[in-house]
Amino acid sequence: MVIYKTKNYTDMSRKAANIISAQVIMKPDCVLGLATGSSPLGTYKQLIDWYQTGDLDFSKVSSVNLDEYRGLSPEHEQSYRYFMNTNFFDHINIDKSRTFVPDGLTSDVERFCKDYDRLIEEVGGVDLQLLGLGHNGHIGFNEPSDAFPRNTHCVDLTPSTIDANKRFFDSEEDVPRQALTMGIRNIMMAKKIVVVVSGEDKGEALREVVCGPITPKVPGSILQLHPDVTIIADEAALSKM
Ligand code: F6R
């Protein structure tokens with residue numbers, strides 16, 4: 001693991017965007033694994049800026065997203081498809097037909113999950129996976145549990161995650177109780193992983209991910225076993241180390 005300490009969220013975002021830019025420049029037809037949420041938002045903004053100044057070309061890039069709420073349509077303002085379109089894809093020249101987000105409305109979850117695993121393989125596997133970190137140590141929506149889930153699956157969100165995400169909804173009752181998410185195997189198969197972590201409230205989770213035992217109770221701790229993980233964290237997030 002390589003850990004970069006940055007002054008603040010803006011610096012964290014710029015550094016992550018730098019690494020993603022390098023990936024896109026070195027391999028224009030790369031596959032990016034993408035996350036939603038507050039953590040990568042600044043990274044996407046920075047990448048959009050560099051695209052607009054002509055420094056980046058996403059025309060050959062494909063992407064696969066980590067997760068999606070179950071029951072939300074792509075048009076729902078809190079769906080992760082909507083998030084990706086409005087915060088990133090609509091502002092760059094990526095071919096949207098080559099951007100993949102799990103289908104929150106699927107009626108056959110088991111089949112969909114198998115198809116999503118296959119899709120990740122068919123696009124050639126993820127070259128660079130961008131991750132945020134949950135307060136409970138989750139990555140994607142792989143919540144703390146007794147075993148590491150391997151593949152794409154449907155998950156019951158924990159009270160901690162529902163509480164953390166209610167800020168985006170009118171009320172806590174509106175937060176979906178389930179999500180579809182890539183599993184730990186899918187994430188660990190990425191050739192390179194970049195984790196962005198900001199804020200003191202993530203400090204404890206980050207400490208456990210980096211320094212704690214490898215356990216499914218802290219799903220992100222599995223990253224200790226990946227050969228190419230870069231954590232970019234601001235001073236506040238590193239304050240508990
Ligand atoms: C989002 C995702 C989640 C978030 C995590 C942190 O696609 O997979 O694991 O990365 O919940 O969320 P933020 O960045 O909003 O604190």
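**Reading a predicted model, feature by feature**

Tutor: Let us start from a single residue: R14 is partly exposed, with a relative accessible area of 36%. Please keep in mind throughout that this is a predicted model.

Student: Which class does D11 belong to, buried, exposed or partly exposed?

Tutor: The class follows from the cut-offs, since buried means under 20% relative accessible area and exposed means over 50%, with partly exposed in between. D11 has a relative accessibility of 26%, so D11 counts as partly exposed.

Student: With which residue does D11 form a salt bridge, and how are the two placed in helix α1?

Tutor: To call a salt bridge, one looks for a side-chain nitrogen of Lys or Arg within 4 Å of a carboxyl oxygen of Asp or Glu. D11 meets this with R14, the closest N and O atoms being 3.5 Å apart. Because D11 and R14 are 3 residues apart in helix α1, about one helical turn separates them.

Student: How many salt bridges does the structure hold, and which residue pairs with D127?

Tutor: There are 12 salt bridges in the structure. D127 pairs with K191, and their closest N and O atoms are 3.2 Å apart. This pair links distant parts of the chain, with D127 in the loop between α4 and β6, K191 in the loop between α6 and β9, and the two positions 64 residues apart. The two partners are covered to unlike degrees, for D127 is buried at a relative accessible area of 5%, whereas K191 is partly exposed at 47%.

Student: Where do K217 and D146 lie in the chain?

Tutor: K217 lies in the loop between α7 and β10 and D146 in the loop between β6 and β7, so their pair ties together parts that are 71 residues apart in sequence. The closest N and O atoms of this salt bridge are 2.6 Å apart. K217 counts as partly exposed at 48% relative accessibility, while D146, with a relative accessible area of 67%, is exposed. Salt bridges can also share partners, and in this way K27, D127 and K191 are joined into one network.

Student: How should I read the fold as a whole, and how many helices and strands are there?

Tutor: One begins with the inventory and then turns to overall dimensions. The chain has 7 helices and 10 strands, and its C-alpha atoms fill a box of roughly 45 × 45 × 35 Å along the principal axes. A compact globule of 241 residues would have a radius of gyration near 18 Å, and the chain, at 17 Å, agrees with that. Buried residues make up 54% of the 241 residues. Of the contacts with a separation of 6 or more, 79% are between residues 24 or more positions apart.

Student: Which residues of helix α3 are buried, and what covers them?

Tutor: To read a buried helix, one lists its buried residues and then asks which elements are in contact with them. In α3, residues 80–87, the buried ones are Y80, R81, F83, M84 and N85. Their cover includes the helices α2 and α5, together with strands β2, β3, β4 and β5.

Student: Where is T36 placed, and with which residues is T36 in contact beyond its neighbours in sequence?

Tutor: T36 sits in the loop between β2 and α2 and is buried, with a relative accessible area of 12%. Apart from neighbours within four places in sequence, T36 is in contact with N65, D67, Y80, F83 and M84. The C-alpha atoms of T36 and L66 are separated by 8.2 Å, although the two residues are 30 apart along the chain.

Student: Which contacts does S21 make?

Tutor: S21, found in helix α1, is buried at a relative accessible area of 7%. With neighbours within four places left aside, S21 is in contact with L47, W50 and L56.

Student: How many disulfides are there?

Tutor: A disulfide is a covalent bond between the sulfur atoms of two cysteines. The structure holds 0 of them. C154 is in no disulfide, and the nearest cysteine sulfur, that of C113, is 6.9 Å away. C154 is partly exposed at 29%, whereas C30 is buried at 0%.

Student: Which residues make a nonpolar surface patch?

Tutor: M1, I3 and M241 make one of about 250 Å². M1 lies in the segment before β1 and counts as partly exposed at 40% relative accessibility. For the chain as a whole, the exposed area is about 10700 Å², of which carbon and sulfur atoms supply 50%.

Note on methods: Residues are numbered from 1 along each chain as its sequence is written. This is a predicted model: local features need pLDDT of at least 70, side-chain atom pairs count only at pLDDT 80 or more; totals for chains, interfaces and linings use all residues. Side-chain values use heavy atoms; hydrogens and water are left out. Patches are made of residues with over 30% relative accessible area and no salt bridge: like charges are joined within 9 Å, nonpolar side chains (Val, Leu, Ile, Met, Phe, Trp, Tyr) within 5 Å. Accessible areas come from the Shrake-Rupley method with a 1.4 Å probe; for residues, only the protein chains shown count as cover. Helices (H or I, at least four residues) and strands (E, at least two) are DSSP runs, numbered from the N terminus. Buried means under 20% relative accessible area, exposed over 50%, partly exposed in between (1.4 Å probe, protein chains only). The radius of gyration is taken over C-alpha atoms; the globule rule is 2.2 Å times the number of residues to the power 0.38. Contact means heavy atoms within 4.5 Å. A disulfide is a pair of cysteine sulfur atoms within 2.5 Å.
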